[in-house]
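Subject: Structure handover

Hello,

Here is the structure I said I would pass on. Please look through it alongside the notes underneath.

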Amino acid sequence: MNQIFTIGHSTDIIESFIEHLEYYQIDTIVDVRSVPYSRFVSQFNKEQLSAFLKKENIIYIPMGDNLGARYEEKELLFEDGKVDFSKVVITKRFQEGIERVETGIKKGHKIALMCSEKNPIECHRFSLISRYR
């Protein structure tokens, strides 16, 4: 059975974050943050996180450009400036991101989509990505 996992780093310490990944035998993190940096927990900044995961033999793939939640293109926004996810899911870059994740799963990788929000219900991992298929 093909599965995909999700994790939000929130304010976790990196050791706790890694324990969660090890528990579920995650071998690949797909970072879906549009901006892969944090003012509050610098251990989850792109470069630091990538280096730490490499030491743990976990692949780090930044995909905020494809699967992130921030868009500025007017054709992807509601009149009030908020992102219209129903328009995002039909863009080429979003579709390419989904295809890349699906290819990784088919190759046998245990992938977790990562963002900053701990609760996926409060994150675009749920409201955008998981509702896609």
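What follows covers the salt bridges, one helix and two single residues.

The model is predicted, and every value here is computed from its atoms.

Salt bridges

Searching the whole structure gives five salt bridges. Three of them are described here.

Asp12 and Lys118 pair through their side chains, with an N to O distance of 3.1 Å. Asp12 sits in the loop between β1 (5-8) and α1 (14-23), while Lys118 sits in the loop between β4 (111-115) and α6 (124-130), so this salt bridge ties together parts that are 106 residues apart in sequence. Asp12 is buried, at 14% relative accessibility. Lys118 is partly exposed, at 46%.

Glu73 and Arg93 make another salt bridge, and their closest N and O atoms are 3.1 Å apart. Here the acidic partner, Glu73, belongs to the loop between α3 (64-67) and α4 (85-88), and Arg93 belongs to helix α5 (residues 92-106), so the pair links parts that are 20 residues apart in sequence. Glu73 is partly exposed at 29% relative accessibility, and Arg93 is partly exposed at 29%.

The salt bridge between Glu96 and Lys92 has its closest N and O atoms 3.8 Å apart. Both residues are in helix α5, where they are four residues apart, about one turn of the helix. Glu96 is partly exposed, with a relative accessible area of 39%, whereas Lys92 is exposed, at 63%.

Helix α5

Does the length of this helix agree or disagree with what its residue count predicts? At 1.5 Å a residue, the 15 residues of α5 should span 21 Å, and the end C-alpha atoms are 21 Å apart, so the two agree.

The buried residues of α5 are Phe94, Gly97, Ile98, Val101, Gly104 and Ile105. Viewed down the axis of α5, these buried residues fall within an arc of 120°, so they line one face of the helix. The cover over the buried residues of α5 includes β2, α3, α4, β4 and α6. On the face turned away from the buried side, α5 carries the exposed residues Lys92 and Lys106. Lys92 is also the partner of Glu96 in the salt bridge described above. Just after the helix, Gly108 has a positive phi of about 100°.

Two single residues

Asn45 is located in the loop between β2 (28-31) and α2 (46-55). With 11% relative accessibility, Asn45 is buried. A polar atom of the Asn45 side chain lies 2.6 Å from the backbone nitrogen of Ser38. Leaving aside residues up to four places away in sequence, Asn45 touches Pro36, Tyr37 and Ser38.

Ile61 is in strand β3 (residues 59-62). Is Ile61 buried or exposed? Its relative accessible area is 19%, and the cut-off for buried is under 20%, so Ile61 counts as buried. Leaving aside residues up to four places away in sequence, Ile61 touches Thr28, Ile29, Val30, Asp31 and Arg100. Between Ile61 and Glu22 the C-alpha to C-alpha distance is 17 Å, with their positions 39 residues apart in sequence.

Regards

Definitions and conventions. Residues numbered from 1 in each chain as written. Predicted model: local features only at pLDDT ≥ 70, side-chain atom pairs only at ≥ 80, totals over all residues. Heavy atoms only, no water. Salt bridge = Lys/Arg side-chain N within 4 Å of Asp/Glu carboxyl O. Helix = DSSP H or I, 4+ residues; strand = E, 2+ residues; numbered from the N terminus. Buried < 20%, exposed > 50% of the residue type's maximum accessible area, 1.4 Å probe, protein only. Polar contact = N/O pair within 3.5 Å; in protein donor to acceptor, adjacent residues only side chain to side chain. Contact = heavy atoms within 4.5 Å. Expected span 1.5 Å × (residues − 1). Arc of directions from axis to C-beta.
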